[in-house]
Amino acid sequence: MEIFTEHVNGIMIHKITIGHIHESGCTGCLAALMDNYQGIFTILDKYADLVYGLTLVDVRKIPKMDVALIEGSVCIQDKLATDEVREVRDKSSVVIAIGGCACSGNITRFDRGGQQNQPQHESFVPVSDLIDVDIFVPACAPTPEALRNVCVMTYLLLRGNDEQKALAGMYLKPLMDLARSPYGSKASFNTLMQEVINLGLCMGCGSCAAACPVRAITMEYGKPQGLRDLCVNCGACFSQCPRSFFDHELMEHHEQIMGMLKAVMQ
Ligand code: SF4
Ligand code: SF4
């Protein structure tokens, strides 16, 4: 694997290689990533080389890379798309699903054909239905800061010193757990009820109701109520709830982790 080595402010930097893979979605995640402005330039300047990305990099053959950011769900009637994600998995050390479509299918699960250009496309599935995914970054779209933080923490996990690796691991663990969870892309409203609401973790933010593509969740007196007959088990509410991946150890080290992130991004 190619590793680029440079000096930045007198510090030896071993860059990682990173790619952005665009499947079916609205491109909102890429827009969020680019909304980091200076942050994205700092990352690309100091820590990562972008080696693959539709419209961003003039490379047609998927290269080997350290980190693949996959955005969008995958049409299972589109052989090019299914082959592409499998090839990306084979050639990447870490695969990160960014956004609700890649993590849970989101609203693309409800596409049932009728697209003008490719009417044969009927079924869209989350990336994790086809390949092993290492990290989920849910939400529609994730915030620019969340995407930046995950990129930086993944860099530190791969190239940091022992302390940085430990802190980055703590930051990423809930998102890794979410990717491995049997609920990850297949939760129902009942999962949200059992794993979040009944444990007293709900803070009434309404993200679950906003995420539900069939409006099976309403907010009553600041708490989510489910219309279970409507629920189609898409998992969007669970994967986009900020408390479904709540982690006590992470909270205890929050200041230390944020301090490290600030130092790295300076
Ligand atoms: S309640 Fe809505 S978002 Fe949650 S799993 Fe059911 S359909 Fe999906
Ligand atoms: S997204 Fe999670 S924390 Fe927010 S209202 Fe729904 S269950 Fe509660």
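His 20 has Leu 69 as its bridge partner in strand E5, and this pair is one small part of a parallel sheet that organises the account below. The model described here is a predicted one.

**The parallel sheet**

Strands E3 and E5 run parallel and are joined by 5 bridges. On E4, strand E3 (residues 16–22) likewise pairs in the parallel sense, over 5 bridges, and there Gly 19 has Tyr 52 of E4 as its bridge partner. Strand E5 is joined in turn to E7 by 6 bridges, again with the two strands running parallel, and within this pairing Ile 70 is matched with Ala 97 of E7. The three pairings are set side by side in the table, each with one of its bridge partners.

| Strand pair | Sense | Bridges | Bridge partners |
|---|---|---|---|
| E3 and E4 | parallel | 5 bridges | Gly 19 and Tyr 52 |
| E3 and E5 | parallel | 5 bridges | His 20 and Leu 69 |
| E5 and E7 | parallel | 6 bridges | Ile 70 and Ala 97 |

Taken as a whole, the sheet is open and has 5 strands in the order E4-E3-E5-E7-E9, with parallel pairing. Strand E4 (48–53) and strand E9 (135–137) each have a single partner strand and therefore stand at the edges, with one side of each left without a neighbour in the sheet. From one strand to the next, the twist averages 25°. Strand E5 is mostly covered, since 7 of its 7 residues are buried.

**Helices against the sheet**

Helix H3 (residues 79–91) lies across E3, strand E5 (65–71) and strand E7 (92–98), and its direction is at about 135° to that of E7. Helix H6 (residues 162–180) also packs on the sheet, where it touches E7 and E9 and makes an angle of about 100° with the direction of E9.

One residue from each of these helices can be followed in detail. Glu 87 belongs to H3 and is partly exposed, because 14 other C-beta atoms lie within 10 Å; its C-alpha atom is 7.6 Å from that of Ile 62, although the two residues are 25 apart in sequence. Leu 175, which is found in H6, is buried, because 22 other C-beta atoms lie within 10 Å. Leaving aside residues up to four places away in sequence, Leu 175 touches Ile 135, Phe 136, Val 137, Val 150 and Phe 245, and the C-alpha atoms of Leu 175 and Phe 136 are 5.2 Å apart in space, with their positions 39 residues apart in sequence.

**Helix H7 and its cover**

In helix H7 (residues 189–197), the buried residues are Phe 189, Thr 191, Leu 192 and Val 196. These residues cover an arc of only 145° around the axis, so they lie on the same side of H7. Among the elements that cover them are helix H8 (207–211), strand E10 (217–220), strand E11 (223–226) and helix H9 (236–240).

**Surroundings of the two ligands**

Ligand 1 is surrounded by 16 residues, of which the closest are Phe 189, Cys 212, Cys 231, Cys 234 and Cys 237. By class, this shell holds 12 nonpolar and 4 polar residues, and no charged residues. Phe 189 thus appears both among the residues closest to ligand 1 and among the buried residues of H7.

Around ligand 2 there are 14 residues, and those that come nearest are Cys 202, Cys 205, Ser 207, Cys 208 and Cys 241. The shell around ligand 2 is made up of 10 nonpolar, 3 polar and 1 charged residues. Helices H7 and H8 each supply at least two residues of this shell, and H7 gives the most, with 3 residues.

**The chain as a whole**

The chain contains 11 helices and 11 strands, and buried residues make up 41% of its 266 residues. Among contacts between residues at least 6 apart in sequence, 76% join residues that are at least 24 apart. Ser 104, in helix H4 (residues 100–104), offers an example of proximity between distant parts of the sequence, as its C-alpha atom is separated by 5.7 Å from that of Gly 235, 131 residues away along the chain. Ser 104 is buried, because 33 other C-beta atoms lie within 10 Å.

Methods. Residues numbered from 1 in each chain as written. Chains lettered and ligands numbered in written order. Predicted model: local features only at pLDDT ≥ 70, side-chain atom pairs only at ≥ 80, totals over all residues. Near = placed C-beta within 6 Å. Nonpolar A, V, L, I, M, F, W, Y, C, P; charged D, E, K, R; others polar. Buried ≥ 20, exposed ≤ 12 C-beta atoms within 10 Å, placed from the backbone. Helix = DSSP H or I, 4+ residues; strand = E, 2+ residues; numbered from the N terminus. Arc of directions from axis to C-beta. Contact = placed C-beta atoms within 7 Å. Pairing = 2+ DSSP bridges. Axes fitted to C-alpha atoms, helices over the stretch in contact; angles between N-to-C directions.
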